[in-house]
Amino acid sequence: FSSFSKSHPQPVTHNPKMAQFERTIKDATDTTPKVISYCTGSCSDPPISIHYFDFGGKAESLRLLCFYLGLNFDDVRYPRELFRAKKAAGELPFGQVPMLEASGNFVPQTNAMLRCVARLAKSTAYPVDDVLACAKVDAVLDQDADTFTGVLVVNYKERFGFDFLNDDESSCQAVRKTLRERVLVSHVTNLERQVGAGGWLGSDGNVPTIADFNWAPRLVYLRDHAIPEDDGKILDNCPKLSALIEKFYALTAVKAYYELNPAV
């Protein structure tokens with residue numbers, strides 16, 4: 001695996017090489033994952049690999065950040081059977097994905113991966129020279145765990161030791177109702193207050209931070225999928241968050257990514 005050698009003499013806030021991206025795809029086999037490679041200019045092996053499944057999910061924020069920053073990267077997408085084999089063999093930190101591979105190192109956990117990529121690119125999306133600015137971004141990132149804990153437990157019961165609820169759908173529905181009507185409303189109301197003057201989270205600047213790359217896809221998931229019985233109106237009283245979603249997906253690099261990947 002090649003080492004990270006990309007150099008940015010000045011901090012980058014957007015994708016300066018977007019038009020030069022070349023995209024190639026290797027389909028999955030019984031023993032190898034699907035790999036979508038993004039390359040700017042001349043390159044051999046991309047210095048970054050993102051390991052996940054063949055859908056958006058928790059890896060989407062990292063894919064979008066790499067594309068936004070103009071980094072060469074491999075988007076490695078595992079069939080479930082291959083993922084289970086790697087997990088059983090102990091090849092995945094914490095036994096899960098997404099996972100970032102960079103310079104021969106394997107980094108789990110979405111927030112750690114976002115920080116790592118931004119720092120490798122020397123990007124103002126995570127301004128490491130400003131301790132308090134980073135702390136604000138970190139706080140908004142960490143709020144994701146508080147917001148989604150209840151959703152994760154009720155939707156993925158076995159993972160958290162709540163298998164017994166599989167036979168008690170009425171209790172699960174009651175939990176989801178409480179989450180939707182009280183818990184999640186409180187969380188998004190608090191998050192709304194963290195949108196800065198520039199329309200981004202954890203910052204008053206005019207460009208997104210890594211917190212926005214995490215939260216824009218997560219807010220779409222919360223609005224559209226997190227609670228199966230929901231009406232999709234959980235953000236109706238959060239105009240700043242709703243505007244953030246629109247602003248994020250209108251970013252030139254984000255739009256270009258989905259033009260390249262309409263079905264992935």
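## Where H3 meets H4

Let's start with a pair of helices: H3 passes H4 in a right-handed crossing. This is a predicted model, so keep that in mind as you look around. H3 covers residues 110-120, and its axis comes within 10 Å of the axis of H4, with a crossing angle of roughly 150°. Angles over 145 degrees count as roughly antiparallel, and H3 and H4 are therefore roughly antiparallel to each other.

Who does the touching? On the H3 side you'll find Asn 111, Leu 114 and Arg 115, and they meet Asp 138, Leu 141 and Asp 142 of H4. Sorted by class, this contact holds three charged residues, two nonpolar ones and one polar one.

## H4 and its other partner, H6

H4 runs over residues 131-155, and H6 over residues 210-224; their axes also come within 10 Å, crossing at roughly 25°. Since angles under 35 degrees count as roughly parallel, that makes H4 roughly parallel to H6. The crossing here is left-handed.

From H4, the contact uses Val 137, Val 140, Leu 141, Gln 143, Asp 144, Thr 147, Phe 148, Val 151 and Asn 155. H6 answers with Ile 210, Ala 211, Asn 214, Trp 215, Arg 218, Tyr 221 and Leu 222. The mix by class is 10 nonpolar, four polar and two charged residues. If you spot Leu 141 in this group, you've met that residue before: Leu 141 is also part of the contact with H3.

## A look at Ala 135

Ala 135 is another residue of H4. Is Ala 135 partly exposed or buried? Its relative accessible area is 38%, and buried would mean under 20%, exposed over 50%, so Ala 135 counts as partly exposed.

Try finding Gly 202 as well. Along the chain, Ala 135 and Gly 202 are 67 residues apart, yet their C-alpha atoms are separated by 8.8 Å.

## Stepping back to the whole chain

Now for the overall layout. The chain has six strands and eight helices. Going from the N terminus, the order is β-β-β-α-β-α-β-β-α-α-α-α-α-α, so the run ends with a string of helices.

The chain is made of 264 residues, and 46% of them count as buried. As for what is on the outside, about 13200 Å² is exposed, with carbon and sulfur atoms supplying 52% of that area. Finally, take the contacts in the chain with a separation of 6 or more: 67% of them involve residues 24 or more positions apart.

Technical notes:
Residues numbered from 1 in each chain as written. Predicted model: local features only at pLDDT ≥ 70, side-chain atom pairs only at ≥ 80, totals over all residues. Heavy atoms only, no water. Axes fitted to C-alpha atoms, helices over the stretch in contact; angles between N-to-C directions. Helix = DSSP H or I, 4+ residues; strand = E, 2+ residues; numbered from the N terminus. Parallel < 35°, antiparallel > 145°, perpendicular 65-115°, else oblique. Left-handed = near helix turned anticlockwise from the far one by under 90°. Contact = heavy atoms within 4.5 Å. Nonpolar A, V, L, I, M, F, W, Y, C, P; charged D, E, K, R; others polar. Buried < 20%, exposed > 50% of the residue type's maximum accessible area, 1.4 Å probe, protein only. Areas by Shrake-Rupley, 256 points an atom, 1.4 Å probe, with all protein chains shown as cover.
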